[in-house]
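Welcome! Please take a moment with the sequence and the model, then read on for a short tour of a few places in it.

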Amino acid sequence: MGDSNLSPFTNHQFPSPTPPTPSSSSSSSAQLNVPSTMPRPSLNLETLAPIPSFSSSSSEHVKRLINSKHYVSPSKTICFDRFIPSRSGSNFELFHIPSTPSPSSAAAGSNVSTPGGNDGGKEESPSAYAALLRDALFGTNTPDKREIPGRNIFRYRTETRQPMQSFSPYGFDDEGPGVSQSPVKAPRKVPRSPYKVLDAPALQDDFYLNLVDWSSQNVLAVGLGNCVYLWNACSSKVTKLCDLGIDDSVCSVGWAQRGTNNLAVVNIFQVCGLKWSYDNRQLASGGNDNRLFVWNQHSTQPVLKYCEHTAAVKAIAWSPHLHGLLASGGGTADRCIRFWNTTTNSHLSCMDTGSQVCNLVWSKNVNELVSTHGYSQNQIIVWRYPTMSKLATLTGHTYRVLYLAISPDGQTIVTGAGDETLRFWNVFPSPKSQNTDSEIGASSFGRTTIR
């Protein structure tokens, strides 16, 4: 052999070796070809593969070593400056992915021999590698991008709404056994504007007063200064009921729940909230001492005492749907609506409204309630109980909404404020059409004077 340079990255063609004579093999050794710039090692060919005699099998072994596409030095490990992975040595069977050769390699019929001399290993298909990578990153159920032609992630498109039947566990077309499909109920709309406004001169802006109440005969009682006036909601007729004199003023008015047109005029200042239960067996009172008391007909002392509020308790309301359920609201320093079970003497929940709670009233037709507020938003809120989610927030008063009453049919509320106005709102549905929009009174919008 000559001294021509041999590179590990280049294939070289060598002439077939001529078997030496026995005399020459004993005296001379076949040394390795190395580049001229490198020192010639003392290692010879006999140390790599001792050949006692040049038989046909030995000759084929030498040819296979010389004509191999990859030259591997058995004396030292060749280290490179970067790692280039080869998929030929990857075991795709561990991931249950079939290893199919690429079309180019299959057409050319090119094979890649393994270092061990096995010609059976072939270059893996790029599609198989892409499938492995896709499954590892996104899961096995991810569709191939070729299955969705022309897909663009950031493309604007029209939203496709699915019918509600598509969410049925029984499929798109078939109904479940014993289940009848019904149209989806749209959320109830609450009008955001009052349908009637009444001027109420001398309506005081005082948190501790209760000057508005609505009777079962559809008559509204309003305390203005030292006088009490009645407004008939059917005929809009105004009647002056009484005059307390120049040295006195009305603090609270309230109709009896049973009977006809029995009115109580209260002159107690320390008690700012007072409400009978619907069965007339319990009386709840709230005072400016931040306490809530519950009384019965057979005791001169309160049977229940609640001291959780941190401000005066003016807002009190009994639920018409659940016996013993009581709601109360605190003033500016408290701002919370609390719910009590007077049957078990337990505190149920608390809702921070963010502003002074002036009044509370339950709907007679649905399990909802209304709260009116003062500092600092002067709003009216319709709540759904027991989730206490807001159905509507009504605004219009420029002062604290200190007064609240509900109509006999349970659909309309009237609110009063220090801006000397009474506003009528349709907030609750009728008992027979709880899921339809109530437009009662919308055509009679107007502004008149109560006296």
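In this predicted model, Arg423 is buried but makes no salt bridge. The nearest side chain of opposite charge belongs to Asp419, 4.3 Å away, and a salt bridge needs a distance within 4 Å. You will find Arg423 in strand E22, which covers residues 421–426. Leaving aside residues up to four places away in sequence, Arg423 touches Pro194, Lys196, Val197, Gly396, His397, Ile413, Val414 and Thr415.

An unreviewed UniProt entry lists residues 271–305 and 394–427 under "repeat: WD". Here is how these two spans look in the model.

| Span | Helix | Strand | Distance between end C-alpha atoms |
|---|---|---|---|
| Residues 271–305 | 0% | 54% | 14 Å |
| Residues 394–427 | 0% | 56% | 10 Å |

Now let us turn to strand E9, residues 282–287. Is E9 enclosed or open? Six of its six residues are buried, so E9 is largely enclosed by the rest of the structure. Gln282, Ala284 and Gly286 point one way from the strand, while Leu283, Ser285 and Gly287 point the other way.

E9 has a partner in strand E8 (residues 271–276), with which it pairs in the antiparallel sense over five bridges. Within that pair, Gly286 of E9 stands opposite Gly273. The two strands form a hairpin with five residues between them, and Asn280 in the turn has a positive phi of about 60°.

E9 also pairs with strand E10 (residues 292–296), antiparallel and over five bridges. Here Gln282 has Asn296 as its bridge partner. This hairpin has four residues between its strands, and Asn290 in the turn has a positive phi of about 70°.

Terms used
Residues numbered from 1 in each chain as written. Predicted model: local features only at pLDDT ≥ 70, side-chain atom pairs only at ≥ 80, totals over all residues. Heavy atoms only, no water. Buried < 20%, exposed > 50% of the residue type's maximum accessible area, 1.4 Å probe, protein only. Lys, Arg positive; Asp, Glu negative; His and termini not counted. Contact = heavy atoms within 4.5 Å. UniProt positions renumbered as here; feature names shortened; annotations may be inferred. Pairing = 2+ DSSP bridges.
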